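Hi,

Here is the structure I promised to pass on. Have a look at it first, and my notes on what turned up follow below.

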Amino acid sequence: MSDGFGEMDRRRLLKIGSSIGIGLGAGAGGAYYYMSQPALAVEGLTAEDVTVDTVDGQLQRLTIAPTMTVAWSDYPAISEVELQFRAEGPQSNGTVIEWSNQSPDNATSDGQVEFDFDPYPMLQKNGGPLDASSFEPAEGEERSAAVTVFVDLRLIDENGEVVEEGQPIKEVTYTVAVTYAEGQVTVSGKLNTAGECIKLDDSILEEFQCRVSS
């Protein structure tokens with residue numbers, strides 16, 4: 001029985017369905033039905049490698065300050081977007097930024113919100129999740145370690161129901177390189193030397209009198 005598609009067309013439809021994530025299935029009589037799927041995009045998550053020179057081999061501070069754009073379409077009316085950031089390092093991992101939310105001006109099925117976070121600490125010594133010793137080198141050496149940041153997301157509708165949740169929805173990895181450099185001390189300045197000739201009564205002599213014997 002023919003369903004109206006050739007063998008090549010069926011393979012192509014299945015491939016397209018897989019690549020763009022649309023629902024694709026065979027119904028009665030072999031007919032194909034397409035179901036539109038909501039679209040969600042999280043933009044703006046990149047990370048640059050970090051290089052630190054230290055004279056004592058210790059990493060004192062490591063932070064992130066994410067800026068993100070979350071855009072959605074074809075959802076139920078969204079009234080709130082929540083993001084959470086988690087970090088994974090060489091020996092430890094945990095939450096860096098707890099669930100934070102932004103809301104569009106009005107609940108909408110197509111919209112976007114912007115997130116702009118202040119710097120948050122990544123190291124345990126500053127209140128973050130990662131162990132600083134994982135990044136610290138031996139004297140005169142360099143040590144590199146990878147850090148991966150995961151972004152979790154929730155879309156919440158007008159009734160307070162979570163209609164989309166991704167854990168994670170996005171992730172990015174960057175490298176932290178710490179060099180234990182030898183400390184250097186530089187001393188500069190002048191002695192500013194001076195001298196005076198004085199009489200026995202402690203009064204100061206003029207310069208020409210200092211050169212005359214009494």
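A quick definition before the sheet: two strands count as paired if DSSP finds at least two bridges between them. Keep in mind, too, that this is a predicted model.

With that in hand, the protein chain has an open sheet of five strands, in the order 4-12-11-7-8 and with mixed pairing. Strand 4 (50-54) and strand 8 (93-102) are the edge strands; each has a single partner strand, so one side of each has no neighbour in the sheet. On average, neighbouring strands here are turned by 20° against each other, direction ignored.

Inside that sheet, strand 7 (residues 78-88) and strand 11 (residues 142-157) run antiparallel and are joined by 10 bridges. If you want a spot to zoom in on, Glu 88 sits opposite Thr 148 in strand 11.

Stepping back to the whole chain: there are two helices and 12 strands. Along the sequence the pattern is α-β-β-β-β-β-β-β-β-β-β-β-β-α, with a helix before the strands and another after them. Of the 214 residues, 29% are buried. The accessible surface comes to about 14100 Å², and carbon and sulfur atoms account for 45% of that. As for contacts between residues at least 6 apart in sequence, 67% join residues at least 24 apart.

Now for the core. Which residues touch the most other members of the largest nonpolar core? They are Val 81, Met 122 and Phe 135, out of 32 residues in that core. Strands 6 (67-73), 7, 8, 9 (111-116), 11 and 12 (162-180) each give two or more residues to this core, and strand 11 gives the most, with six residues.

Met 122 is worth a click. Leaving aside neighbours within four places in sequence, Met 122 is in contact with a list of residues that includes Leu 62, Ile 64, Ala 87, Val 96, Pro 129, Leu 130, Val 147, Val 149 and Tyr 174.

One polar residue also caught my eye: Gln 84, in strand 7. Is Gln 84 buried or exposed? Its relative accessible area is 8%, and buried means under 20%, so Gln 84 counts as buried. The side chains of Gln 84 and Trp 99 are joined by a polar contact of 3.2 Å. Not counting residues up to four places away in sequence, Gln 84 also touches Thr 95, Ile 97, Glu 98, Phe 150, Val 151 and Asp 152, among others.

Cheers

Terms used. Residues are numbered from 1 along each chain as its sequence is written. This is a predicted model: local features need pLDDT of at least 70, side-chain atom pairs count only at pLDDT 80 or more; totals for chains, interfaces and linings use all residues. Side-chain values use heavy atoms; hydrogens and water are left out. Helices (H or I, at least four residues) and strands (E, at least two) are DSSP runs, numbered from the N terminus. Buried means under 20% relative accessible area, exposed over 50%, partly exposed in between (1.4 Å probe, protein chains only). Contact means heavy atoms within 4.5 Å. Accessible areas come from the Shrake-Rupley method with a 1.4 Å probe; for residues, only the protein chains shown count as cover. Axes are lines fitted to C-alpha atoms, for helices over the stretch in contact, and angles run from 0 to 180 degrees between N-to-C directions. A polar contact is a pair of N or O atoms within 3.5 Å; within protein, one must be able to donate a hydrogen and the other to accept it, and residues adjacent in sequence count only if both atoms are side-chain atoms. A nonpolar core is a set of buried Ala, Val, Leu, Ile, Met, Phe, Trp, Tyr and Cys residues joined through side-chain atoms within 4.5 Å.
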